[in-house]
Amino acid sequence: AADPYLNVAVIRDFSSGKSTFINALIRRKLLKTAWKATTAVPTYIRLNQKMPGVVVNLRDGRNYDISKNSDLTQFQKEFKMQLVHDLGQIIAEITTSNLLAEKIGDVQISVESLHTMNNVCIIDTPGVNPGDPRSKNHARGTERILRDKADAVIILFPSTQVYTGSFESFLVEHAERFMDDAIFVVTMMDI
């Protein structure tokens, strides 16, 4: 009740167009899109912010505001990586790395709303059925979001994929409380 945002989780299996859908919804190419499992770290996009920013919250409770050069430098030193100075590419690299996903709890992105979606937080969840053994924690991250953070869900149904029993089981087990008010979206209709 204290959170001023409506937290909307976008869920589905990997490569179902979640990040592409969110980019279209917020009218920005903010998230990396690809034809493979991409989002490895839960990514919260808060709309209606005066000051844009990107905060990486580590699992141990520390955080880095990587939109600040000093924090970005510290982040790069800690993780022994060199990131380009383009914020979009930095976001892509941090949110899609399975190695970083083991240490990063989530990424919080603040952007100014371009339309009437004020005080909405769109949550780009990792795919719930990633298939890749290195991505086994993806579903657990989405489960935590649905249990602890989400107020509503948007469930994607790619026109190029079948509705699987494993995804139905996931919905029954983890998203049942949202089903009466869920938004269902068919994606990839242009393919």
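This briefing walks through the sheet, a helix that crosses it, and the aromatic contacts of the structure above. The model is a predicted one, so please read every value below as computed from that prediction. At its heart for this tour is an open sheet of eight strands with mixed pairing. A search of the whole structure also turns up six aromatic pairs, and two of them are described here along with a cluster and two charge-over-ring contacts.

**The sheet**

- The eight strands follow the order 4-3-5-2-6-1-7-8.
- Strand 4 (63–65) and strand 8 (183–187) stand at the edges; each has a single partner strand, so one side of each is left without a neighbour in the sheet.
- From one strand to the next, the twist averages 20°.
- Strand 7 (residues 152–158) and strand 8 run parallel and are joined by five bridges.
- If you follow these two strands by eye, look for Leu156, which stands opposite Val185 in strand 8.

**A helix across the strands**

- Helix 3 (residues 87–96) lies across three strands: strand 2 (43–47), strand 3 (53–58) and strand 5 (104–111).
- Relative to strand 5, helix 3 runs at about 155°.

**An aromatic pair within helix 2**

- Phe75 and Phe79 form a tilted aromatic pair, with 4.6 Å centre to centre and 40° between the planes.
- Both residues belong to helix 2 (residues 69–79), where they sit four residues apart, about one turn of the helix.
- Phe75 has 0% relative accessibility and therefore counts as buried.
- Phe79 is buried too, with a relative accessible area of 14%, which falls under the 20% cut-off.

**Aromatic residues around Phe167**

- The ring centres of Tyr163 and Phe167 are 6.3 Å apart and their planes stand at 85°, so this pair is edge-to-face.
- Tyr163 is partly exposed, at 42% relative accessible area, whereas Phe167 counts as buried at 0% relative accessibility.
- Tyr163 and Phe167 also belong to one aromatic cluster together with Phe157 and Phe184.

**Charges over rings**

- Phe167 has a further contact to look for: the charged end of Arg12 sits over the Phe167 ring, 4.3 Å from its centre.
- Arg46 lies over the face of Tyr5, at 5.1 Å from the ring centre.

Key. Residues numbered from 1 in each chain as written. Predicted model: local features only at pLDDT ≥ 70, side-chain atom pairs only at ≥ 80, totals over all residues. Heavy atoms only, no water. Pairing = 2+ DSSP bridges. Axes fitted to C-alpha atoms, helices over the stretch in contact; angles between N-to-C directions. Contact = heavy atoms within 4.5 Å. Phe/Tyr/Trp six-rings, centres within 6.5 Å; stacked < 30°, edge-to-face > 60°. Buried < 20%, exposed > 50% of the residue type's maximum accessible area, 1.4 Å probe, protein only. Lys NZ or Arg CZ within 6 Å of the ring centre and 35° of its normal.
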